[in-house]
Amino acid sequence: MPNKHLYLNLYENLKQQIIEGQYQSDDKFPSKRALSQHLSISHTTIEHAYQLLLDEGYIYSKPRSGYFVSDIETLPIINRNATHLNESPNQTNAYSSNEVSNNENNNETLAFNLSEIDAEYFPMKQFRKYARDAFEDDQLSLLQRTNPKGEWQLRQEIAHYLFNSRGVTCHPEQIIIGSSTEQLINLVTDILNKPQFYIENPSYPPIKKILDKKQIKYKQITVEKTGIALEAFKKFNHNVAYVTPSHQFPTGYVMNLKKRTQLIQWAQQSEQRYIIEDDYDSEFRYFGKPIPALQSLDTKDKVIYISTFSKSLYPSCRMAYLVLPKNLCSRYDTLSNKESNTVPTHLQKMVASFMESGSFERHLNKMRKVYKAKLKFIIDALTPYQEQLEVNGAFAGMHFTLTVRNGLTLEECLKRAKQNNLKIIPFNEYDQNLQDVKFILGFGGIPFSKLEIHTQALIKTLIKK
Ligand SMILES: Cc1ncc(COP(=O)(O)O)c(C=O)c1O
């Protein structure tokens with residue numbers, strides 16, 4: 001076996017010379033023997049380097065004539081040595097994405113961002129083991145397309161998990177894995193027959209985006225402290241309700257049992273009616289009795305249940321799941337132009353093993369304690385100021401809201417936030433008609449070591465001494 005380092009170096013060097021134009025297309029390339037003598041390196045090393053150049057199409061061979069340089073204009077060149085790609089994001093203004101610059105700012109700014117988890121507690125070692133297992137156990141089948149609904153093993157694990165943790169009863173056949181809640185809701189709008197929606201006001205922004213894009217009619221219905229204002233349903237004749245009952249986004253309100261029952265009764269009154277239950281952060285409920293999923297209260301196949309691994313595992317995982325009522329499964333099966341499954345098989349296998357081993361449950365139990373402690377820390381620090389600040393939505397999840405009741409205007413609050421190097425999200429980004437001065441605060445991603453400094457900056461910003 002030749003020295004791997006040496007032949008790869010030689011290959012890189014020759015490739016670079018071709019890319020930089022030291023050879024023109026169809027120029028004769030040095031013979032292997034000549035190059036071996038010239039560089040005093042073994043014939044096998046040259047052989048391996050040439051083979052790579054041949055495989056990637058940089059050179060071609062003609063019988064009995066030797067090697068020639070290809071027309072590289074036609075190659076999809078990935079020039080790993082190109083200087084701009086070796087620069088750090090700081091150096092490459094033109095190439096740095098918004099996300100990179102946001103992350104950089106985050107390092108300096110104190111931020112109550114939404115959609116962040118505490119990555120420090122993620123069991124990376126175990127996850128790495130399941131990654132290795134996935135590639136070792138199933139090497140070739142991992143490369144093939146699989147069932148559009150997703151990996152059977154994962155769907156089985158999700159069915160177990162949902163039954164044990166949320167009281168959701170379903171067969172793995174009813175489960176579809178997708179890359180995001182948004183993608184799955186989009187799929188649901190294809191499955192349902194001419195849906196017209198009721199959505200929460202305010203609501204999770206992607207919903208409106210999907211409905212607008214697909215020109216699906218919807219009515220926005222006010223969210224009260226007890227959940228969506230069901231009375232308003234009587235004024236219209238729409239047939240699908242999208243709700244976030246466990247922890248309404250963005251208000252954080254929890255739908256009470258009475259309203260849950262009424263909502264199910266509404267759906268059961270007509271064959272065409274359905275509820276989409278988005279249970280996105282229900283794993284994290286900290287106070288009071290666990291409230292069962294709507295799906296678990298329904299006996300007539302009226303609830304389309306959706307949840308995600310973005311909070312329970314990590315947001316870049318891009319994996320969510322849908323439980324279709326049995327009566328909609330055949331509509332999914334007969335959909336034309338069905339997308340292939342959008343989540344890589346190896347990731348599905350890793351998550352399935354993680355769940356099967358009990359690690360997922362242990363991880364959730366640990367994270368529930370972590371997030372509860374963080375929330376308690378912040379709320380305790382704000383309690384002395386309850387005449388100035390009203391806290392809402394702090395029973396569950398990784399965000400809550402603060403309404404400022406001391407006369408400070410939104411502009412004043414934002415100006416003070418800037419002075420304190422603090423990033424807080426005004427609630428009117430979700431509710432343009434809002435009269436109150438209100439903010440939505442995510443706390444999941446703030447490390448324990450920085451909670452105090454974040455909370456103090458928040459108090460300094462919103463409290464009038
Ligand atoms: C209401 C709601 N649903 C779903 C999600 C997660 O979506 P995804 O699965 O696309 O990450 C979020 C994230 O904050 C959310 O607020």
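Me: A polar contact is a pair of N or O atoms within 3.5 Å; within protein, one must be able to donate a hydrogen and the other to accept it, and residues adjacent in sequence count only if both atoms are side-chain atoms. What makes Y204 a polar contact of the ligand?

Reply: A polar side-chain atom of Y204 lies 3.2 Å from an oxygen atom of the ligand. That is within 3.5 Å, so the pair qualifies. Bear in mind that this is a predicted model, where local features need pLDDT of at least 70, side-chain atom pairs count only at pLDDT 80 or more, and totals for chains, interfaces and linings use all residues. Residues are numbered from 1 along each chain as its sequence is written, and side-chain values use heavy atoms, with hydrogens and water left out.

Me: How do you know that D278 has a polar contact with the ligand?

Reply: An N or O atom in the D278 side chain is 2.7 Å from a nitrogen atom of the ligand. The T308 side chain also places an N or O atom 2.7 Å from the ligand, there from an oxygen atom. Both distances are within the cut-off, so both are polar contacts.

Me: Why is S282 called buried?

Reply: Buried means under 20% relative accessible area (exposed is over 50%, partly exposed in between; 1.4 Å probe, protein chains only). S282 has 11% relative accessibility, so it counts as buried.

Me: What makes S282 and D279 partners?

Reply: Their side chains are joined by a polar contact of 3.0 Å. Leaving aside neighbours within four places in sequence, S282 is also in contact (heavy atoms within 4.5 Å) with R166, S246 and Y305.
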